[in-house]
Amino acid sequence: MKFSLEQYLEELKPLINVDCGTYTLKGIEFIANQFEQKFQAMNGWNVKRVDCGKAGIGLEIRNQPDAEHIDIMMIGHMDTVFPIGTAEARPMSQDAEKAYGPGVSDMKSGLLNIVYALRHLEQTVLDKLSICICMNPDEETGSNDSVEWIQSVAKNAKNVLVAEAARADGGLVKARKGMAGYKINFNGIAAHAGNDPEKGRSAITEMAHWIIAINAMTNFESGTTLNVGVVSGGAGANIVPENAQAAVDIRFWNNAEYDDVNTKLHNMAQTPFVDGVKVTIEREAYKPSMVPSEQTEGLMHLVESAAQELSIELNWHAVGGGSDANNTAILGIPTLDGLGPIGAGFHSDQEYLLLESIEPRIRMLMRVLEKLAA
Ligand SMILES: [Zn+2]
């Protein structure tokens, strides 16, 4: 591979200088078109557009579209977390070491690294592998409208590589915490706090009991943590509150432990602390945890030896945030993440891409694919 950093950055720039936050359909469409064109310009790739409902479209790109099995599935997302106007306010820029801009490492460079790796792999290697790349439009809000599709593809895959950025120290991601987000609604009965408070049923009192009970479920040792992050409710100090709401975030390593917490919450909703208050629970986001299996360890060794051959130092991270890797790992498919170039500062204006890591990480991805083909 003859690598030109200048050319790479030229190709990256239009992918950064467009607003493509989740549900910004025009921007997502633009990104999808860009990648569709890239793959169509390469020989032997079939690009399918997948309807992801209100999130727009996803791309499913295969070199053996008729094969039932998939040797390697690669995943990357086309959306960012940034609102409309960000691309104009701070378009892609660079200094001697880093490139900056919305999505520069989370994860447009990861997507582009996949393209570069596949562009430069020997055809004889590609011929030995059934490869499927899925680019979804809504990872940043939990992949709600793409998770079914992603999992239906993953079911036929032997290995999954997610090309989110490698960590600042160059590390890859072997484990990710699971997460769940809930909105809990409390509906009581309003009453005048002066005239007839006994007729009221306080939604806020009920919520207060819940907050204490939810905090008590946290287990720092096992890593199951619950956070009541936002609360609201009530209409005035002189009114017994009719309504209250709480937003709760749960993180966990142990999927069974999370299931217990989920069951407890639903049981609590059936038996409110304050008689006459109704509680409803909505789960707005969910990702199971990604914990390496024995097979995953095999894939880790393969990646390690690919890195070693290229004199790249690697370590493995277990991180708190989720990605689409969680959605394929739960199916029992060996899944690793962090196969993009090195970056950090995600979801902020500090986000950067480490320029010197781009080429080595393309080469590493190529070497991993070559080893999987062998
Ligand atoms: Zn990402």
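Trainee: What arrangement do the four donor atoms around the zinc ion make?

Mentor: Good place to start, and keep in mind that this is a predicted model. Four donors count as tetrahedral if all angles lie between 85 and 135 degrees. Here the four donor atoms subtend angles of 54 to 147° at the zinc ion, so the arrangement is irregular.

Trainee: Which protein donors does the zinc ion have?

Mentor: They lie 1.8 to 2.6 Å from the zinc ion, and Glu-164 is listed with two OE entries. In sequence the spacing of the donor residues reads H-x28-D-x57-E. The donors are His-77 (NE2), Asp-106 (OD), Glu-164 (OE) and Glu-164 (OE).

Trainee: How many residues apart are His-77 and Asp-106?

Mentor: This pair links distant parts of the chain. His-77 sits in strand E3 (residues 70-77), while Asp-106 belongs to helix H4 (residues 104-120). The two are 29 residues apart.

Trainee: Is Asp-106 buried or exposed?

Mentor: Buried means under 20% relative accessible area. His-77 has 1% relative accessibility, so that residue counts as buried. Asp-106 has a relative accessible area of 7%, and therefore it too is buried.

Trainee: Moving on to the largest pocket, which strand gives the largest share of its lining?

Mentor: The pocket has a volume of about 420 Å³. Of its 23 lining residues, the closest to the centre are Glu-139, Glu-140, Gly-321, Gly-322 and His-347. By class, the lining has seven nonpolar, eight polar and eight charged residues. The largest share, three residues, comes from strand E14 (residues 278-287).

How values were computed
Residues numbered from 1 in each chain as written. Predicted model: local features only at pLDDT ≥ 70, side-chain atom pairs only at ≥ 80, totals over all residues. Heavy atoms only, no water. Donors = N, O, S within 2.8 Å, 3.2 Å for Na, K, Ca; no water. Tetrahedral: all angles 85-135°; square planar, octahedral: opposite > 155°, others 65-115°. Helix = DSSP H or I, 4+ residues; strand = E, 2+ residues; numbered from the N terminus. Buried < 20%, exposed > 50% of the residue type's maximum accessible area, 1.4 Å probe, protein only. 1 Å grid on protein atoms, 1.4 Å probe; cavity = no way out; pocket = protein on both sides within 12 Å on 5 of 7 lines; lining within 4 Å. Points joined across faces, edges and corners; volume = space filled by probe spheres on them. Nonpolar A, V, L, I, M, F, W, Y, C, P; charged D, E, K, R; others polar.
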